[in-house]
Amino acid sequence: MHKFLIHKQGDHVGVAVADIQEGEHVVGVFMDDDFTIEITARGNVPLGHKIAIADVEAKGHVIEYGLPIGYAPEGFRVGDYVHTHNIKTLRW
Amino acid sequence: MSQLLGYRRENGKVGIRNHVIILPVDDISNAACEAVASHIPGTLALPHSYGRLQYGKDLDLHFRTMIGTGANPNVAAAVVIGIEPNWTKIVADGIAKTGKPVAAFSIEGQGDLETVRQASRKAMEFVQWASELQRVPIELHELTVSIKCGESDTTTGLGSCPTVAQVVDRLVDAGATVFFGETSELTGGEHLIADRCATPELRQKFMAMYDDYIAEIKNQGVDLLGSQPTQGNIAGGLSTIEEKALGNIEKTGTKPIIGVLDPAETPQNGPGLYFMDTSSAAAECITLMAAGGAVLHLFPTGQGNIIGNPIEPVIKLTANPKTAATMSEHIDVDVSGLLSREINLKAAGDMLMDYLCRVVNGRLTAAEALGHREFVMTKLYRSA
């Protein structure tokens with residue numbers, strides 16, 4: 001059973017559809033082609049919050065919906081919890 | 001699809017509710033309007049906070065919202081009460097252009113009690129008259145539907161907004177009219193909207209409206225995190241305005257944008273999908289859309305916004321299983337099966353479309369049954 005969904009191939013983050021615990025091995029489904037991905041969570045990710053499925057370097061853009069949703073000042077790694085602590089808007 | 005039934009008004013427009021409203025032109029006439037509504041069951045007072053010493057574009061918007069609210073096809077008849085006769089007459093005359101019964105009363109020179117006496121008698125006459133109006137067969141293409149989401153989270157972009165998109169595309173294909181808005185909440189995806197504008201002129205008009213709104217926000221020189229996205233958005237997992245906007249835009253479907261409207265403006269380009277320049281705050285936005293003529297609203301929520309509108313039924317849907325469980329009395333359509341992948345988008349669209357038809361035909365939405373009647377005027381700047 002999947003525990004997160006990813007909007008599109010190429011996105012850096014998926015969205016938890018159930019609470020994910022640190023250390024948990026979890027399956028995600030890409031919504032555009034139904035492919036799956038398996039990763040190990042490096043933090044707790046509550047339902048609706050994001051988990052990294054790609055490494056993003058410091059100051060790199062973060063992609064979701066196939067488009068930038070902000071940048072990661074310090075970067076993050078696959079499995080990290082991604083939210084306001086490690087991603088910032090590019091707009092205001 | 002079952003036969004739709006609605007109220008055909010004097011000007012041919014179709015409504016799905018049959019309200020007799022008691023409309024204050026200004027804040028100080030609220031008490032008289034509420035007194036009339038308490039005397040005459042079946043009438044609906046619409047108290048609000050403004051209407052005095054406004055000027056310029058702000059006054060234009062005030063009148064447009066007042067007149068549009070009274071002119072909305074969900075309104076059978078209107079009693080208008082203001083402190084002085086001139087502005088009261090402007091609002092009443094504007095509504096009367098639809099051909100529906102309107103009566104105007106001003107308080108100056110006679111006081112609340114005499115005004116309430118006269119207005120109550122008229123309200124009673126209107127409500128008895130309206131009670132005999134019958135629902136008649138109508139077509140889907142005769143509806144004007146508005147969309148706006150709220151207390152969004154990531155489930156909104158994953159599930160409830162794509163569900164609305166299914167219905168928006170079906171409505172537009174059927175020849176109905178749909179409004180979306182939330183200008184600041186397009187930030188990060190404004191180019192997606194601009195690209196869908198049907199003509200270069202519309203694209204230019206849209207981008208000018210968008211740039212104006214964003215300039216106004218930036219002029220305040222503050223960090224918007226916590227306001228846009230809201231604290232609730234952040235609690236629900238949304239991290240930036242761009243992420244919120246891309247989820248928001250999901251609900252607009254795939255059709256071209258054939259008109260770009262000022263707040264509370266009535267569409268002029270025929271049926272199709274329109275952008276309206278609005279705040280992203282739910283009550284302000286839906287009040288403007290109802291004033292533009294929308295008779296039914298689709299409202300995706302993530303964390304559980306509880307909004308309603310006095311004249312326009314608001315259908316709320318969520319894809320968040322926690323919200324569906326903990327705030328079930330506010331949720332009309334639960335599409336959380338999209339997250340577990342137990343249902344697909346088409347099935348979710350069918351569920352929402354079916355519910356829309358039931359609400360058109362008279363089923364009360366959760367917000368209606370709970371008495372949510374948020375009526376909030378948009379004010380552009382301080383009064384003189």
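## Exposure and cores in a predicted model

Met351(B) counts as partly exposed because its relative accessibility is 32%, given that buried means under 20% relative accessible area, exposed over 50% and partly exposed in between (1.4 Å probe, protein chains only). This is a predicted model, in which local features need pLDDT of at least 70 and side-chain atom pairs count only at pLDDT 80 or more, while totals for chains, interfaces and linings use all residues. Residues are numbered from 1 along each chain as written, chains are lettered from A and ligands numbered from 1 in written order, and side-chain values use heavy atoms, without hydrogens or water.

Met351(B) belongs to helix α13 of chain B, where helices (H or I, at least four residues) and strands (E, at least two) are DSSP runs numbered from the N terminus. Leaving aside neighbours within four places in sequence, Met351(B) is in contact (heavy atoms within 4.5 Å) with Val333(B), Asp334(B), Val335(B) and Ile343(B). Arg373(B) follows 22 residues apart along the chain, and the C-alpha atoms of Met351(B) and Arg373(B) are separated by 25 Å.

Helix α13 of chain B, which spans residues 345-360, also supplies 8 residues to the largest nonpolar core, and this is the largest share of that core. A nonpolar core is a set of buried Ala, Val, Leu, Ile, Met, Phe, Trp, Tyr and Cys residues joined through side-chain atoms within 4.5 Å. The largest one has 55 residues, and those with the most contacts inside it include Leu143(B), Phe206(B), Ile315(B) and Leu356(B). A second, separate core is made of 22 residues, among them Ala37(B), Ile107(B), Val116(B) and Ala123(B). In soluble globular proteins, nonpolar side chains tend to be buried together.

Which residues does Phe206(B) touch, not counting those up to four places away in sequence? The residues that Phe206(B) touches are Leu186(B), Glu190(B), Ile193(B), Ala194(B), Cys197(B), Val260(B) and Phe275(B).

Several loop residues can be set beside this picture. Lys255(B) sits in the loop that runs between α9 (241-249) and β10 (257-261) of chain B, and Lys255(B) is buried because its relative accessible area is 19%. When residues up to four places away in sequence are not counted, Lys255(B) touches Asp169(B), Val172(B), Asp173(B), Arg196(B) and Leu273(B).

Gln134(B) is part of the loop between α4 (111-130) and β7 (136-138) of chain B, and with 57% relative accessibility this residue counts as exposed. Although Gln134(B) and Leu5(B) are 129 residues apart in sequence, their C-alpha atoms are 9.2 Å apart in space, and beyond neighbours within four places in sequence Gln134(B) is in contact with Gly6(B) and Tyr7(B).

The table lists further loop residues from both chains.

| Residue | Loop lies between | Relative accessibility |
|---|---|---|
| Tyr55(B) | β4 (43-45) and α2 (56-71) of chain B | 41%, partly exposed |
| Asp34(A) | β3 (25-30) and β4 (36-40) of chain A | 47%, partly exposed |
| Lys59(A) | β5 (50-52) and β6 (60-64) of chain A | 66%, exposed |

The backbone deserves a look as well. Phi of Asp34(A) is near 65 degrees, which is a positive value in a residue other than glycine, and phi of Lys59(A), likewise a residue other than glycine, has a positive value near 70 degrees. In chain B, a cis peptide bond with omega of about 5 degrees joins Gln228(B) and Pro229(B), and Pro229(B) is located in the loop between α7 (200-219) and α8 (231-235).
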